Amino acid sequence: MECLTLPPKNLIKGFVHGKSHSTILQLCTRQLRTCRNPYQILNKGNKLTSKLNLPLSRLIQPLRQTTTISKTNPEISLRAQKIVGGWLIGCAGMCFGAVILGGVTRLTESGLSMVDWRLLKDMKPPQNLQEWEEEFEKYKQFPEYKYVNAQHEMSLSDFKFIFYMEYGHRMWGRLIGLAFLLPGAYFLKKGWISKGMKPRMLALTALLGFQGFLGWYMVKSGLEEKQKETDIPRVSQYRLASHLGSAFILYSLFLWSGFTHLLPYNKIEFTKEMRRIKGMAHGMKALIFITAISGAFVAGLDAGLTYNSWPKMADRWIPTDMWNIDPKWKNIFENPTFVQFNHRHLAESTVLLIAGFWWMCRKAPLPPRARMAVNALLAMSIIQASLGITTLLTYVPTPVAATHQSGSLVLLSIAVWLTHELRRIPK
Ligand code: HEM
């Protein structure tokens, strides 16, 4: 067992000194996981196979555990790659949390309670009654307070609730920034970030900043005076969809990069059929993303509060008020009826296409993890559509709507996982 801590040369000596095959394999696995250059050991291991009377395939079995990164960057230790992978998946998990928190903030109508944006000052919430009253006074100058207060009087404790919701969402965003940048800088310094990952880290940093900017740009649209007194103050659906879309992209990038560090390659023969399956898997991923963006338009216009019936909209397949707005193209994005029509039919088509894709994959020679992903994709798409229908039929209660929103991210994650499983081994 003392071999575990010894350098490769001594490990090999250990082989020669007549250890049992299973011990050798165990040592080999452990050593490969922690050594700096697994390929070096592998080459030496090659020479040993004759002495040990072991097939090389058994000796290199542990190398099957190596990740995408280790194939292209053998100089980074496997342990380091696993740590970096875990950190990236952690960042993806935090983005997932931010999306849920953002959804609940919107559903509880809390998103417009902080009426300005300061990177550092915002981090300290009001400390005493006077500061709370000052913050409340600021909020009272904006249309949302006037609208809500006209329905039912808003107390300071009501205000505190919506303030803390938005505060939590903003702080969570800053925490993601820290959780990404601080360990990222450390890993860079240690040389644990691969060459290919460096530009991606830059892109992720830029996207994180952009996400914060889009968040404030969206809130600003909800603080502007509305044209008519009766108009409900709400953020622009275009900006809401952009904020949600960029969060989904950020999340997917974190997830993909994490998988690249943690998941080993699949050995796939890319026949015509497999190339078609791979292309379709990417298509499903894009379709899920587009359906999710169309859902953000439904959320932004509160379009889930009209036509609360399924499968028909009231008693029609095509409602009569779909073209009310001029110019006509605006109906696609600004008419709640049209927006809901789009989302439900896009969603239904997505589920049907995923079912067709699943059927097509049944007899294909998929590796086990990819097969699992295809099955999970079908199951989750059905769950997600059922959640959407329930949200609609029950008039958008916060817990159901928030679950429907997170469901879309789970579905997208499965599609990201599937496409990752179908990657080619670089030459
Ligand atoms: C593949 C299936 C689906 C996906 C990926 C999806 C995705 C989404 C997303 C991302 C949102 C925005 C949530 C937010 O920003 O808070 C949303 C909202 C919504 N979706 Fe879906 N959806 C799907 C299926 C459906 C179906 C089949 C229906 C009903 C027929 C539906 C009804 C709704 C409603 C009513 C909302 C608005 C909820 C709110 O105001 O918070 N969805 N959807």
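This is a short tour of the structure, stop by stop, with a selection to make at each one.

**The whole chain**

Start with everything shown as a cartoon, and keep in mind that this is a predicted model. You will see 16 helices and 0 strands. The chain has 427 residues, and buried ones make up 34% of them. Consider next the contacts between residues at least 6 apart in sequence: 77% of these join residues at least 24 apart.

**The ligand and its shell**

Now select the ligand and the residues around it. There are 31 of these residues, and the ones that come nearest are Gly295, Ala299, Gly304, Ala347 and Gly388. Which helices give two or more residues to this shell? Colour helix H6 (78–107), helix H12 (272–300), helix H14 (336–361), helix H15 (368–393) and helix H16 (398–421) to see them. Sorted by class, the shell holds 16 nonpolar, 13 polar and 2 charged residues.

**Helices H11 and H12**

Keep H12 in view and add helix H11, residues 237–262. Two packed helices are described by the angle between their axes and the distance between the axes. Here the angle is about 145°, and the axes are 8 Å apart. H11 and H12 make a right-handed crossing. To see the contact itself, show side chains on both helices. From H11, select Gln237, Leu240, Ala241, Leu244, Gly245 and Phe248. From H12, select Phe289, Ala292, Ile293, Ala296, Phe297, Ala299 and Gly300. Which classes of residue meet here? The contact has 10 nonpolar, 3 polar and no charged residues. You have met Ala299 already, since it is also among the residues that come nearest to the ligand.

**Helix H10**

Move on to helix H10, residues 197–223. H10 has 27 residues and reaches 39 Å from its first C-alpha to its last, close to the 39 Å expected at 1.5 Å a residue. Pick out its buried residues: Met197, Leu204, Leu208, Gln211, Gly215, Met218 and Val219. What do they pack against? Show helix H9 (156–190) and H11, and you have the partners of these buried residues of H10.

**The loop between H12 and helix H13**

Next, select the loop that leads from H12 to helix H13 (331–334). Most residues other than glycine have a negative phi, and most peptide bonds are trans. This loop offers several places to look for something else.

- Tyrosine 307 lies in this loop, and its phi is near 45°, a positive value in a residue other than glycine. Tyrosine 307 is partly exposed, because 19 other C-beta atoms lie within 10 Å.
- Tryptophan 310 and proline 311 are joined by a cis peptide bond, with omega about 5°.
- Alanine 314, also placed in the loop between H12 and H13, has a positive phi of about 55° although it is not a glycine. Alanine 314 counts as exposed because it has 11 other C-beta atoms within 10 Å.
- Aspartate 326 leads to proline 327 through a cis peptide bond, with omega near -10°. Proline 327 is in the loop between H12 and H13 too.

**Methionine 123**

For the last stop, go to the loop between H6 and helix H7 (129–140) and select methionine 123. Is methionine 123 buried or exposed? It is exposed, because it has 11 other C-beta atoms within 10 Å. Then add tyrosine 167 and draw a line from C-alpha to C-alpha: methionine 123 and tyrosine 167 are 44 residues apart in sequence and 8.0 Å apart in space.

How values were computed: Residues are numbered from 1 along each chain as its sequence is written. This is a predicted model: local features need pLDDT of at least 70, side-chain atom pairs count only at pLDDT 80 or more; totals for chains, interfaces and linings use all residues. A residue is near a molecule or strand if its C-beta atom, placed from the backbone, lies within 6 Å of it. Helices (H or I, at least four residues) and strands (E, at least two) are DSSP runs, numbered from the N terminus. Ala, Val, Leu, Ile, Met, Phe, Trp, Tyr, Cys and Pro count as nonpolar, Asp, Glu, Lys and Arg as charged, and the others, Gly among them, as polar. Axes are lines fitted to C-alpha atoms, for helices over the stretch in contact, and angles run from 0 to 180 degrees between N-to-C directions. A crossing is left-handed if the near helix is turned anticlockwise from the far one by less than a right angle, and right-handed if clockwise. Two residues are in contact if their C-beta atoms, placed from the backbone, lie within 7 Å. The expected span of a helix is 1.5 Å times one less than its number of residues. A residue is buried if 20 or more other C-beta atoms lie within 10 Å of its own, exposed if 12 or fewer, and partly exposed in between; C-beta atoms are placed from the backbone.
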